[in-house]
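Me: Could you take a close look at one part of this model for me? I'd like to hear about the second largest pocket, what lines it and which elements contribute.

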Amino acid sequence: MRYDTIIIGAGMSGLAAGIRLAYFERRVCVLERHTTIGGLNSFYRLRHRDYDVGLHAVTNYARRGQKQRPLAKLLRQLRLDWDDFDLRPQRGSAIDFPGTRLRFNNDFDLLLHEIAAHFPRQIDGFRRLVAEIDAEDPFRFDQPQLSARAIVGRFLDDPLLIDMLLCPILYYCSATPGDVEWRLFVILFRSIFQEGFGRPFEGIRRILKTLVKQFRGVGGELRLRAGVRRILHEQGRVVGVELDDGTRLEADSVLSSAGLVETQRLCGNAVEAESADPSGEISFLEAISTLDCPPAELGCRETAVFFCRERPFRYGRPDEPVDLASGIVCIPDNYEFDEPLAEHRVNVTALADHRYWTSLAEEEYHREKAVWCERMLANAADVVGDFRPRIVDQDVFTPRTIRHFTGHVNGAVYGATVKSLDGVTPIEKLYLIGTDQGLPGIVGAMLSGISMANVHLLRGEG
């Protein structure tokens, strides 16, 4: 079987790239090892309940008519309407550190007001930082990779404020311990603080089902249970892939959302890392708790709370199985929906040591999940109010779960510590998309697939 393009992975970036290429009459096949789509952002059914995994919020929220926002550009490229994703805005979120709490929502003026109130000496520097962010073009491929912490430090000199601004951005995109590349900081600052959060009423299913319907509607082929064993190449040029069952598929080009290190391994010895091992180690433990009432009735009114209980703020692979000093509490109910959700959830996420969770025997693994979940929820209860007595069901995933369902080395949610901004690999016509190409978030992942398809495979065609 021969295709114009094979895409490895049916996540956001892979499906979006497939749609874009199929619009231009390319014969495209998206391959997915697992039985469902979505990759890092998927859904599943357990004990007669539907769960989302990965989706805390869709950043880059935009209202109908805001045509210059990334979301609007994405919808134009996919030829979708605003109502296809059915995004509703957040009610309001917070960054909660010892002694200081900053509120923010989809109106950037609220964050400006909060910083002026809590950090009056820093507000002028913060405004200059925002002007610097507004002037940046983070989508140029030729930029050097710089430390965001160092650049932010040119404008702000209060370590607490710097950590509070970095906390949501690191948790939502960074593969680098304690820092993030400046370009990614700019993208996430805009998408979290200046644009904000949205969510479909139906959760991640709404977005994924829309993408699959659009892809198949324009002639794309989606194969599930079709894992890629090897990327085939001859004389430095990609020629196709070999599947886990030995089937060979030919292609003029391949887009891989598997990740930088993972794609290198699929190529065999032909692709070597140019420096030290770039494998990331940022992974998480997440508990998804189902309640018997809306969380707001218990005092849990924020959409998301990024918290730190101990100074200084640490972000990286912890020495303990789970880092209880910081985390995220996300509450899907707390968006501007027209009616209550069928299931009421509280999601709690914390940094976890992938080495510990992937080394446990089965019985010990399940026992330790329960122990650390309870500790993590106790922390979250101190931040948003105690919802634990109203829990009626729960599921927990660990770095081991992430590694199994994404194939990412170390269960690294944000992939490698280095990114390929232009998507180019040493193998001709093999390009990276998704996490390790470097556009973060759900909207960013889709734009990653689209932009690499446009730049490398559709140049001059619209």
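Reply: The second largest pocket in this predicted model has a volume of about 470 Å³. Its lining is made up of 22 residues, and those closest to the centre of the pocket are Pro70, Lys73, Phe139, Leu439 and Leu447. Three elements give two or more residues to that lining: α2 (70-78), α8 (182-195) and α14 (441-457). Among these, α14 gives the most, with 6 residues. Sorted by class, the lining of this pocket holds 9 nonpolar, 7 polar and 6 charged residues.

Happily, there is also an enclosed space to set beside the pocket. Searching the whole structure for cavities of 30 Å³ or more turns up 1, and the volume of this largest cavity is about 40 Å³. Lining the cavity are Val261, Glu262, Ser279, Gly280, Val409, Ala412, Gly415 and Ala416. By class that gives 4 nonpolar, 3 polar and 1 charged residues.

If you would like some helix packing to go with this, try α4 and α5. The axes of α4 (residues 108-118) and α5 (residues 123-135) come within 9 Å and cross at roughly 150 degrees. Because angles over 145 degrees count as roughly antiparallel, α4 is roughly antiparallel to α5. Their crossing is right-handed. On the α4 side, Phe108, Leu111, Leu112, Ile115 and Ala116 take part in the contact, meeting Ile123, Phe126, Arg127 and Val130 of α5. This contact has 8 nonpolar residues, no polar ones and 1 charged residue.

Technical notes. Residues numbered from 1 in each chain as written. Predicted model: local features only at pLDDT ≥ 70, side-chain atom pairs only at ≥ 80, totals over all residues. Heavy atoms only, no water. Axes fitted to C-alpha atoms, helices over the stretch in contact; angles between N-to-C directions. Helix = DSSP H or I, 4+ residues; strand = E, 2+ residues; numbered from the N terminus. Parallel < 35°, antiparallel > 145°, perpendicular 65-115°, else oblique. Left-handed = near helix turned anticlockwise from the far one by under 90°. Contact = heavy atoms within 4.5 Å. Nonpolar A, V, L, I, M, F, W, Y, C, P; charged D, E, K, R; others polar. 1 Å grid on protein atoms, 1.4 Å probe; cavity = no way out; pocket = protein on both sides within 12 Å on 5 of 7 lines; lining within 4 Å. Points joined across faces, edges and corners; volume = space filled by probe spheres on them.
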